[in-house]
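Hi everyone, thanks for letting me go today. I'll put the structure up, and then we can walk through it together.

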Amino acid sequence: MLLDDFIMGMSEGYDTVVGDRGLTLSGGQRQRISIARALIRNPDILILDEATSALDQETASNVMKNIMKYMGDKTVIVVTHRKDVLKYADHIYNLDGKKATEVT
């Protein structure tokens, strides 16, 4: 789902009042807006720490697919416990205490 589709689906579209710190939004809605804010800055490196934790599996997968498409050849570092997100990775590292091992 594109961010514009999400916003236009709200009661007042772009004029919807979301309250202080987005308190009227769900956790997943706040996560999607935060990701959009990060992407609009067009960073060379994007670090996501449990960025899709409040999203259902299908939405999280769709969001990650779109992030990777948008970022192209840029570096995206994703910290996650969700194995379904890993399918978008070129390299996967398992962090165990102080040791990081690449998973092949």
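So, let's start with the largest pocket. Its lining is made of 27 residues, and the ones that sit nearest the centre are V78, A89, H91, I92 and Y93. Keep in mind that we're looking at a predicted model here. The space in this pocket comes to about 860 Å³.

Which elements build the lining? Three of them each put in at least two residues: helix α3, which covers 57–71, strand β2 at 75–79, and strand β3 at 92–96. Strand β2 gives the largest share, with five residues. And if you sort the lining of this pocket by class, you get 15 nonpolar, six polar and six charged residues.

Okay, let's zoom out for a moment. The protein chain has three helices and four strands. Reading from the N terminus, the order goes α-α-β-α-β-β-β. The chain has 104 residues, and 28% of them count as buried. If you follow the C-alpha trace along its principal axes, it spans about 50 × 25 × 25 Å. Here's another one about the fold: take the contacts between residues at least 6 apart in sequence, and 50% of those join residues at least 24 apart.

Now for the inside. The largest nonpolar core has 13 residues, and I35, L39, L46, L48, I67 and M71 touch the most other members. Helix α2 (27–40), strand β1 (45–49) and helix α3 each give two or more residues to this core. Helix α3 provides the largest share of the core, five residues. Let's pick out L39 as an example. What does L39 contact once you leave aside its neighbours within four places in sequence? You'll find L46, I67, Y70 and M71 there.

Next up is M64, another residue I'd like you to find on the screen. M64 belongs to helix α3. Buried or exposed, what would you say for M64? M64 has a relative accessible area of 2%, and the cut-off for buried is under 20%, so M64 counts as buried. Not counting residues up to four places away in sequence, M64 touches L48, T52, V78, V85 and Y88. You can also look at M64 together with A51: they are 13 residues apart along the chain, and their C-alpha atoms are 9.2 Å apart.

M64 and A51 turn up together again, because both of them help to line the largest cavity. The other lining residues of that cavity are E50, T52, V78, V79, T80 and V85. How many cavities of 30 Å³ or more does the structure hold? There's one, and the space in the largest cavity is about 30 Å³. Its lining splits into five nonpolar residues, two polar and one charged.

Last stop: charges. Side chains of opposite charge can pair when their charged atoms come close. In this model the count is one salt bridge. The partners are R82 and D84, and their closest N and O atoms are 3.7 Å apart. Are these two residues buried or exposed? R82 and D84 are both buried.

That's my tour. If you'd like to go back to one spot, I'd suggest V78: this residue is among those nearest the centre of the largest pocket, helps line the largest cavity, and touches M64. Okay, over to you for questions!

Conventions:
Residues numbered from 1 in each chain as written. Predicted model: local features only at pLDDT ≥ 70, side-chain atom pairs only at ≥ 80, totals over all residues. Heavy atoms only, no water. 1 Å grid on protein atoms, 1.4 Å probe; cavity = no way out; pocket = protein on both sides within 12 Å on 5 of 7 lines; lining within 4 Å. Points joined across faces, edges and corners; volume = space filled by probe spheres on them. Nonpolar A, V, L, I, M, F, W, Y, C, P; charged D, E, K, R; others polar. Salt bridge = Lys/Arg side-chain N within 4 Å of Asp/Glu carboxyl O. Buried < 20%, exposed > 50% of the residue type's maximum accessible area, 1.4 Å probe, protein only. Core = buried A, V, L, I, M, F, W, Y, C linked by side-chain atoms within 4.5 Å. Contact = heavy atoms within 4.5 Å.
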